[in-house]
Amino acid sequence: IAVVLSVEGGSQIYLINSDGSGPRRRISNSASIDTEPRYSTDGKWLYFTSDRGGSPQIYRMSATGSEPQRVTFKGSYNVSPRPSPDGRVLAYVTREGGKFQVALLDLSNQQVQVITDSDRDESPSFAPNGRMILLATVRGGRGVLAAVSSDGRIRQNLPYSGGDVRE
C-alpha cells in the first residue's frame with residue numbers, strides 16, 4: 001500500500017504491508033513534499049503530487065522503482081492525480097485564474113482539457129467505465145457531489161440534503 005508518512009520530516013511516500021508493517025520510503029528526495037499517491041489501474045505506475053519543482057505538480061514513477069518524471073506542465077498548481085480505468089487519461093485538480101477545476105490530461109499526447117467550470121472542485125474519481133467523473137464542489141455555498149462526463153459535455157449535481165459533502 002502506498003501511504004504518506006512524516007517520519008523523517010516532511011511528507012514522504014512510503015510503501016507498507018497490508019497489515020501496516022514494514023514501511024519503506026519510496027523516494028529518497030527529502031527536500032520535497034510528496035503526497036497523494038495513486039497507483040495506475042494496471043499497477044505499473046505510481047502517480048503523486050510533489051513540490052519538488054517549486055510548486056505542486058503531478059509526477060509518476062514506475063511501481064518497481066524509477067526516478068520520478070513530471071507529468072503536468074500546464075499551470076502552476078496541479079494536484080490530486082486520478083488515472084482513468086484504461087490508463088490513458090489522468091484526471092486532476094488544476095488552479096486557473098484562482099479557480100480550482102478538474103482537468104483531464106491525455107497521457108499519449110499531453111493534451112489538457114478543463115472539464116468543469118466552477119470555482120472549488122476537488123477529489124475527482126472515475127466511474128469504473130471511465131465515462132463519468134465524480135467530484136466534490138460547492139453550489140449555493142454548500143458542498144455537493146457532482147458528476148461530469150469525461151468529455152465535459154454532461155454535468156449534473158447529485159442531490160443530497162443531509163449536509164455539506166466534501167469527498
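## A strand residue to begin with

Does glutamate 36 count as buried, partly exposed or exposed, and at what relative accessibility? Glutamate 36 counts as partly exposed, because its relative accessibility is 26% and the partly exposed class runs between 20% and 50%. This residue is found in strand S4. Its backbone also deserves a look: glutamate 36 has a positive phi of about 55 degrees, although it is not a glycine. Most residues other than glycine have a negative phi.

Another residue of this kind is glutamine 110, with a positive phi of about 65 degrees, and again not a glycine. Glutamine 110 is found in the loop between S10 and strand S11 (112-114). Its relative accessible area is 41%, so glutamine 110 is partly exposed.

## Confidence in the model

Please keep in mind that this is a predicted model. The mean pLDDT of the protein is 91, and 99% of its residues reach 70 or more. Confidence is lowest in strand S3 (residues 24-25), where the mean is 86, and highest in strand S8 (residues 78-83), where the mean is 97.

## The four-stranded sheet

Back to strand S4, and to the sheet it belongs to. The order S4-S5-S6-S7 describes an open sheet of four strands with antiparallel pairing. Its edges are strand S4 (34-39) and strand S7 (69-70), each of which pairs on one side only.

The pairing of S4 with strand S5 (residues 45-50) is antiparallel and runs over four bridges. If you would like to find it on screen, aspartate 34 has serine 50 in S5 as its bridge partner.

## Aromatic pairs

The count of aromatic pairs comes to two. Phenylalanine 48 and tyrosine 59 form a stacked pair, with 6.0 Å centre to centre and 20 degrees between the planes. The pair counts as stacked because planes under 30 degrees apart fall in that class. It links distant parts of the chain, with phenylalanine 48 in strand S5 and tyrosine 59 in strand S6 (residues 57-62), eleven residues apart. Phenylalanine 48 is buried, at a relative accessible area of 0%, and tyrosine 59 also counts as buried, at 5% relative accessibility.

Tyrosine 77 and phenylalanine 100 form an edge-to-face pair, 5.5 Å centre to centre and with 80 degrees between the planes. Here too the pair links distant parts of the chain: tyrosine 77 is in the loop between S7 and S8, phenylalanine 100 is in strand S10 (residues 99-106), and they are 23 residues apart. Tyrosine 77 counts as partly exposed, at 22% relative accessibility, and phenylalanine 100 counts as partly exposed at 28%.

Strand S10 is also where leucine 104 is found. Leucine 104 has a relative accessible area of 7%, so it is buried. Between leucine 104 and aspartate 151 there are 9.0 Å in space, C-alpha to C-alpha, while in sequence the two are 47 residues apart.

## The S12-S13 hairpin

Strands S12 and S13 pair in the antiparallel sense over three bridges. Within this pairing, serine 125 stands opposite leucine 134 in S13. The hairpin has five residues between the strands, and glycine 130 takes a positive phi near 80 degrees there.

## Cavity and pocket

Rolling a probe the size of a water molecule over the atoms shows where empty space is left. A search of the whole structure finds one cavity of 30 Å³ or more. The largest cavity has a volume of about 60 Å³. Its lining includes Thr116, Asp117, Leu135, Arg139, Val148 and Arg155. Strand S13 (132-139) and strand S14 (142-149) are the elements that give two or more residues to this lining. By class, the lining has four nonpolar, three polar and four charged residues.

The largest pocket has a volume of about 210 Å³. It is lined by 14 residues, and those nearest its centre are Ser80, Val93, Asp121, Glu122 and Ser123. Both S8 and strand S12 (122-126) supply at least two residues of the lining, and S8 gives the most, with three residues. The pocket lining has five nonpolar, two polar and seven charged residues. One residue to click on is Asp121, which is among the residues that line the largest cavity and is also one of those nearest the centre of the largest pocket.

How values were computed
Residues numbered from 1 in each chain as written. Predicted model: local features only at pLDDT ≥ 70, side-chain atom pairs only at ≥ 80, totals over all residues. Heavy atoms only, no water. pLDDT = per-residue confidence, 0-100. Pairing = 2+ DSSP bridges. 1 Å grid on protein atoms, 1.4 Å probe; cavity = no way out; pocket = protein on both sides within 12 Å on 5 of 7 lines; lining within 4 Å. Points joined across faces, edges and corners; volume = space filled by probe spheres on them. Nonpolar A, V, L, I, M, F, W, Y, C, P; charged D, E, K, R; others polar. Phe/Tyr/Trp six-rings, centres within 6.5 Å; stacked < 30°, edge-to-face > 60°. Buried < 20%, exposed > 50% of the residue type's maximum accessible area, 1.4 Å probe, protein only.
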